[in-house]
Amino acid sequence: MPKPKTSALPARKSGLWEVKVRQDDLAGPRQGPQASRAPATVLQCTSQEAEPAMLLAIVPGQEDCSAPRVASRRGAGRERTYDVRTVCYVHDNRVNARVTLSGDLQSAYRGTFDVQYSRTPQRDTGPMAFEGRWLGACHAGQRPGDMVLPNGVTVNVVDDLQRAEHRGHEGHRH
């Protein structure tokens, strides 16, 4: 088996993406906030500039992170598969995330993620699956970085990241 090739974080096509996140069917029963089996749907307006912050925005604990480690390999057929590892810190709690994604990233993609916290194991996600599909141009009034959450609230991931960096959180484990 060929060794995975190290590569940069992949980027999706600019525009509006619908991303559905659900508990992976292989996971056992859960309790607490992760117990729901209903998929959660978010809308993400992205651009080439916003994409480094947007692609992993569905993965919990993605703040105060070191650069992601990315390995790519050819999957079934000619499709490329990306294995992404991140190490982040949320209030001095180390967060390790493993993300696998595949697809053309122009019209659709899919994958799984698993998040493990160094403390508070009740917040570990276990395997979660996601699917994204490109819907077209962002809606009028949307800006790159906007993410519409399942409850209808819009947050801007890029603005949030810039605010955290300007508050001196970069390199600081809060």
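Ring pairs join Trp 17, Tyr 109, Phe 113 and Phe 130 into a cluster in this predicted model. The aromatic pairs number 3. One of them is formed by Phe 113 and Phe 130, with 6.2 Å from centre to centre and 25 degrees between the planes. Because planes under 30 degrees apart count as stacked, this pair is classed as stacked. Phe 113 lies in strand 7 and Phe 130 in strand 8, 17 residues apart, and the pair thus links distant parts of the chain. Phe 113 has a relative accessible area of 3% and is therefore buried, the limit being under 20%. Phe 130 is likewise buried, at 3% relative accessibility.

Both phenylalanines belong to the largest nonpolar core, which has 30 residues. Val 19, Ile 58, Val 99, Phe 113 and Phe 130 are the members that touch the most others. At least two residues of this core come from each of strand 2 (15-23), helix 1 (51-54), strand 5, strand 6, strand 7, strand 8 (128-136) and helix 2 (157-166). In soluble globular proteins, nonpolar side chains tend to be buried together. When neighbours within four places in sequence are left aside, the contacts of Val 99 include Phe 113 and Phe 130. Val 99 is also in contact with Leu 56, Val 59, Tyr 82, Asp 83, Val 84, Arg 85 and Thr 112.

Several of the strands that supply the core are paired with one another. Strand 5 (residues 80-90) and strand 6 (residues 93-103) are antiparallel and share 10 bridges. Within this pairing, Cys 88 has Val 95 of strand 6 as its bridge partner. The two strands form a hairpin with 2 residues between them, where His 91 adopts a positive phi near 50 degrees.

Strand 6 pairs in turn with strand 7 (residues 108-117), again in the antiparallel sense, over 9 bridges. Ala 97 is bridged to Val 115 of strand 7, and Ser 102 stands opposite Arg 110 of that strand. Strand 6 and strand 7 also form a hairpin, with 4 residues between the strands. In its turn, Leu 105 has a positive phi of about 60 degrees. Strand 7 is further joined to strand 8 by 6 bridges, and these two strands run antiparallel. Here Tyr 109, a member of the aromatic cluster, has Gly 132 in strand 8 as its bridge partner.

A further buried position occurs in strand 3 (residues 40-46), which contains Thr 46. Thr 46 counts as buried because its relative accessibility is 2%. The side chain of Thr 46 makes a polar contact of 2.6 Å with the side chain of Glu 51. Apart from neighbours within four places in sequence, Thr 46 is in contact with Glu 51 and Met 54, and with Arg 12, Lys 13, Ser 14, Gly 15 and Trp 17. Cys 138 and Pro 144 are also among the contacts of Thr 46.

The chain has a mean pLDDT of 84, and 78% of its residues reach 70 or more. Over residues 169-174, pLDDT stays under 50. For this segment the model has 16 contacts beyond four places in sequence. Where pLDDT is low, the predicted coordinates should not be read in detail.

Definitions and conventions
Residues numbered from 1 in each chain as written. Predicted model: local features only at pLDDT ≥ 70, side-chain atom pairs only at ≥ 80, totals over all residues. Heavy atoms only, no water. Pairing = 2+ DSSP bridges. pLDDT = per-residue confidence, 0-100. Contact = heavy atoms within 4.5 Å. Core = buried A, V, L, I, M, F, W, Y, C linked by side-chain atoms within 4.5 Å. Buried < 20%, exposed > 50% of the residue type's maximum accessible area, 1.4 Å probe, protein only. Polar contact = N/O pair within 3.5 Å; in protein donor to acceptor, adjacent residues only side chain to side chain. Phe/Tyr/Trp six-rings, centres within 6.5 Å; stacked < 30°, edge-to-face > 60°.
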